[in-house]
There are 2 protein chains.
Amino acid sequence: DDSFGSISPAEFFYRNRQMAGFGNPAQALFSTVRELVENSLDACDLAGVNPVVDIRVRTVAPKTYEVSVTDNGSGVSYEHVPEAFGRVLFGSKFAMCQQRGTFGLGVTMAVLYGQITTDSPVMVETKCGEQPAKRFEILIDVQKNRPVVVSESEGEREGPGTTVTIRLRGNLARSQERILDYVRLSTIVSPHVLFSLSIDDSHIRVGPHTRELPRRSRVCRPHPRAADVELLRRMISASPGIRVREFLVSSFQQLGTRTASRLLRFANIDPNRKTAELDRDDILTLSSALRSFQGIQKPSSDCLSPVGKEPMLTAVRSLFECDIAAYAVRGPTEWNGNPLLIEAVLCVARGFRNTSGSFPILYRFANRVPLLYDASGCVLTKGLRETNWSRYGIMDLGTPVILVHVCSTRIPYRAAGKQSIDTIPEIETEVQHLYRDLGRKLGRLSGSRARAARESRR
Amino acid sequence: DDSFGSISPAEFFYRNRQMAGFGNPAQALFSTVRELVENSLDACDLAGVNPVVDIRVRTVAPKTYEVSVTDNGSGVSYEHVPEAFGRVLFGSKFAMCQQRGTFGLGVTMAVLYGQITTDSPVMVETKCGEQPAKRFEILIDVQKNRPVVVSESEGEREGPGTTVTIRLRGNLARSQERILDYVRLSTIVSPHVLFSLSIDDSHIRVGPHTRELPRRSRVCRPHPRAADVELLRRMISASPGIRVREFLVSSFQQLGTRTASRLLRFANIDPNRKTAELDRDDILTLSSALRSFQGIQKPSSDCLSPVGKEPMLTAVRSLFECDIAAYAVRGPTEWNGNPLLIEAVLCVARGFRNTSGSFPILYRFANRVPLLYDASGCVLTKGLRETNWSRYGIMDLGTPVILVHVCSTRIPYRAAGKQSIDTIPEIETEVQHLYRDLGRKLGRLSGSRARAARESRR
Ligand SMILES: Nc1ncnc2c1ncn2[C@@H]1O[C@H](COP(=O)(O)OP(=O)(O)OP(=O)(O)O)[C@@H](O)[C@H]1O
Ligand SMILES: Nc1ncnc2c1ncn2[C@@H]1O[C@H](COP(=O)(O)OP(=O)(O)OP(=O)(O)O)[C@@H](O)[C@H]1O
Ligand SMILES: [Mg+2]
Ligand SMILES: [Mg+2]
């Protein structure tokens with residue numbers, strides 16, 4: 001009875017850190033690198049610069065490493081640094097637009113893991129806008145889910161950007177390959193980034209493959225398909241005094257006055273009633289109508305940030321030796337009202353070990369991030385296995401390689417480590433269509449190439 | 001910049017409900033049943049009664065269901081009912097002993113899902129100890145992660161226990177089979193329970209297979225292997241004024257005075273120093289010593305609750321038509337200091353479709369709960385595929401079926417839906433040993449049966 005109590009979200013993720021990708025030393029080292037790199041890339045998107053991301057992994061003791069990631073992004077403004085790094089479920093990426101970060105959890109998990117394995121605080125050096133550069137050392141009070149600022153001092157950096165340094169126990173021998181793959185594959189979906197990766201004495205540079213910066217994703221209004229009862233109630237309490245038709249038009253995307261009128265007629269709700277007057281049955285009816293009415297356009301793609309055909313093909317060709325390559329895209333559409341677009345490249349590559357599979361080799365990406373673990377349960381892998389690739393005549397061309405990139409304002413990850421996407425029906429459908437489109441496109445390309453080869457031999 | 005903020009844990013799991021098993025209507029209906037049933041079974045364990053659990057799923061509208069689960073367990077005391085059902089990360093099961101519940105999340109997710117799909121509050125009727133029966137209707141304020149008590153009134157039930165009723169959108173056609181499997185398989189690991197399951201007009205009763213009640217698991221002190229820096233610091237701040245050797249002996253299990261003295265000598269720490277005087281290097285050294293010193297016994301199994309050989313074999317034989325069956329157990333041992341035991345039955349069953357696999361059919365269980373989703377990434381499935389079953393001569397005996405039950409004070413689930421166990425090295429090792437033990441045992445049993453058959457034919 002006095003056994004009842006709460007735990008903080010930090011305590012939850014401390015106890016269950018394997019759900020966030022910190023369950024064993026090898027994966028924790030990988031997750032630390034990827035959480036820091038993704039924050040740097042999001043910050044560079046904000047800053048609108050040609051991103052330069054420098055990653056250093058240095059062995060400081062047996063199975064103990066210092067990971068340091070530096071970027072020329074927007075920096076973090078001071079009043080937010082302690083909570084950004086020392087509080088779980090705190091961040092700047094909760095709005096509805098495509099970004100790599102989404103939970104306000106990632107870097108704090110790395111800080112937590114470093115702290116529990118080496119008792120070291122995170123070191124953050126950042127310069128934001130006109131503020132002078134500052135340096136912080138931060139620990140996390142896990143039970144209270146709040147930061148402990150160990151020290152705060154002047155920083156040395158001259159331009160805007162951030163360096164984050166974490167010391168942790170890991171297993172470099174078992175995660176080095178994956179860290180290398182992560183950085184190389186990141187250039188497929190962030191082809192405009194210059195990555196520098198140093199692991200002890202080895203050093204590589206990858207990218208950029210393109211100079212052009214991607215268009216920034218914008219925050220969009222929710223789409224009608226997103227209107228479950230909870231969301232609808234929140235939107236109504238934000239606009240209590242207006243008429244329901246004006247409420248719909250001003251609160252949702254893709255709802256003009258005429259469509260809103262037809263929807264309200266379909267739902268049998270008087271368009272002139274005030275939102276505050278809607279009772280519980282009206283709200284249920286309206287929610288149901290918004291999610292089933294057929295006259296509504298698909299969402300706009302302003303809030304998404306796909307790589308696009310030319311940059312993605314260029315990046316794939318820089319990374320792989322491709323004979324032929326095809327690009328296809330599905331969307332923008334939506335899943336539960338979240339804008340969704342899926343793009344992919346299918347190519348025939350040389351230089352792979354002879355893989356006697358009946359499927360192409362699959363590389364998965366979501367919101368401009370490579371997914372390297374937990375492939376077996378991912379919707380992208382399931383779709384791969386359910387596609388009959390041999391009918392396109394591509395399985396005997398060489399090694400087919402498919403790189404799939406899912407873009408959404410919300411990715412339905414299966415766990416907080418963001419390595420695998422849930423089998424949501426709408427996403428499954430789009431993936432299946434996309435794979436078939438790609439199979440046909442590459443089949444035609446290879447067919448015409450074979451014909452051209454025969455022509456030239458005559 | 002004003003984009004910085006926090007979200008509550010309820011908001012986190014609202015946005016990411018697929019991580020908790022509520023990503024689509026079919027799985028949400030299943031998850032609602034399982035979360036309620038597991039709470040009922042934990043409550044019956046506390047009450048020390050022969051459990052009677054009544055489950056009703058009733059279609060109330062197209063794809064809309066009322067799920068109601070009734071138990072004769074301990075009940076929920078009133079002051080805690082609102083938060084138990086209307087607050088995420090609030091519960092009574094955070095202590096270190098084996099229980100089905102662990103996060104303080106499950107029923108609140110079902111309440112949340114019911115609320116956002118049907119706008120209905122949960123209905124809880126409960127009687128706890130000498131308190132009179134009470135009935136509550138509760139909604140959850142998702143953004144603030146706190147309950148909203150819609151109504152509170154007298155209840156009708158006469159004996160201790162609880163009924164929880166939730167209305168939600170689901171997809172019964174696609175989850176009915178799994179709900180039936182869940183209830184039947186629950187009798188393997190909770191063989192003392194009487195389950196009554198009604199789905200619209202159909203009704204089944206399953207169990208009990210045994211009358212004897214399981215021994216209750218007890219809360220144990222942490223094992224030295226659990227002493228990461230965070231845990232050690234917390235334990236030290238709970239005992240600041242005592243000498244470090246006494247601290248070790250009183251705070252940890254399996255550490256007597258002699259072993260503690262040897263460990264402190266190994267760590268080069270004076271046993272007479274006060275814990276409050278230990279500096280940061282001492283704490284790091286002590287943590288490392290506790291986790292590597294070789295002279296410490298494995299944990300006690302008091303905090304665990306395995307089914308045991310006879311009850312498990314009895315239950316398997318009641319559910320499956322088995323020709324031969326073998327039981328094996330590994331442990332108690334530990335993973336990251338968490339006490340761990342794994343038991344399993346391997347049998348040759350009749351009545352299965354001819355499965356031309358190279359592995360036995362696998363049924364997975366953790367802490368007396370069947371795991372029915374996400375098999376592909378689970379450590380139990382991985383171990384199955386890595387075992388060479390044919391060498392035991394059992395793959396041609398009929399349909400081999402293996403039922404594996406992992407018991408621990410903490411199960412490293414891969415996601416909050418608790419359907420799949422992470423590949424933690426210590427657990428992987430125990431699983432592999434267990435499968436081989438079982439293969440040999442069943443091989444010998446079948447060999448001796450074959451010999452007996454030949455003898456009787458002469
Ligand atoms: N290198 C950086 N440059 C600028 N801001 C940063 C940087 N690293 C972290 N931040 C800020 O700290 C916040 C918290 O980071 P954290 O990784 O915990 O969450 P997130 O990136 O928002 O989401 P996720 O958990 O999905 O990674 C971010 O939202 C961002 O505002
Ligand atoms: N049928 C019941 N009988 C008695 N207590 C109950 C019952 N259902 C819920 N509770 C109480 O409500 C609390 C919250 O339940 P909830 O399912 O959210 O969390 P949990 O069971 O502790 O952990 P988990 O999230 O892993 O299920 C429980 O800890 C328990 O104390
Ligand atoms: Mg992040
Ligand atoms: Mg529970």
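This report covers a ligand site and a helix pair in a predicted model.

**Ligand 1**

Ligand 1 sits between chains A and B. There are 24 residues around it. Those that come nearest are Ser92(A), Thr102(A), Leu105(A), Gly106(A) and Lys418(A).

Oxygen atoms of ligand 1 pair with N or O atoms of chain A residues, as tabulated here.

| Residue | Part of the residue | Distance to an oxygen atom of ligand 1 |
|---|---|---|
| Ser92(A) | side-chain N or O atom | 2.5 Å |
| Thr102(A) | backbone N or O atom | 2.7 Å |
| Gly104(A) | backbone N or O atom | 3.0 Å |

Ser92(A) contributes through its side chain. Thr102(A) uses a backbone atom, and so does Gly104(A).

**Helices 8 and 9 of chain B**

Two packed helices are described by the angle between their axes and the distance between the axes. In chain B, helix 8 spans residues 257-267 and helix 9 spans residues 280-292. Their axes come within 10 Å and cross at roughly 125°. That angle makes helix 8 of chain B oblique to helix 9 of chain B. The crossing of the two helices is right-handed.

Which residues make the contact? Helix 8 of chain B supplies Leu263(B), Leu264(B), Phe266(B) and Ala267(B). Helix 9 of chain B supplies Thr285(B), Leu286(B), Ala289(B), Leu290(B) and Ser292(B). Across the contact of helix 8 with helix 9 of chain B, 7 residues are nonpolar and 2 are polar. No charged residue takes part.

How values were computed. Residues are numbered from 1 along each chain as its sequence is written. Chains are lettered from A and ligands numbered from 1 in the order in which they are written. This is a predicted model: local features need pLDDT of at least 70, side-chain atom pairs count only at pLDDT 80 or more; totals for chains, interfaces and linings use all residues. Side-chain values use heavy atoms; hydrogens and water are left out. Axes are lines fitted to C-alpha atoms, for helices over the stretch in contact, and angles run from 0 to 180 degrees between N-to-C directions. Helices (H or I, at least four residues) and strands (E, at least two) are DSSP runs, numbered from the N terminus. Angles under 35 degrees count as roughly parallel, over 145 as roughly antiparallel, 65 to 115 as roughly perpendicular and the rest as oblique. A crossing is left-handed if the near helix is turned anticlockwise from the far one by less than a right angle, and right-handed if clockwise. Contact means heavy atoms within 4.5 Å. Ala, Val, Leu, Ile, Met, Phe, Trp, Tyr, Cys and Pro count as nonpolar, Asp, Glu, Lys and Arg as charged, and the others, Gly among them, as polar. A residue is near a molecule or strand if one of its heavy atoms lies within 4 Å of it. A polar contact is a pair of N or O atoms within 3.5 Å; within protein, one must be able to donate a hydrogen and the other to accept it, and residues adjacent in sequence count only if both atoms are side-chain atoms.
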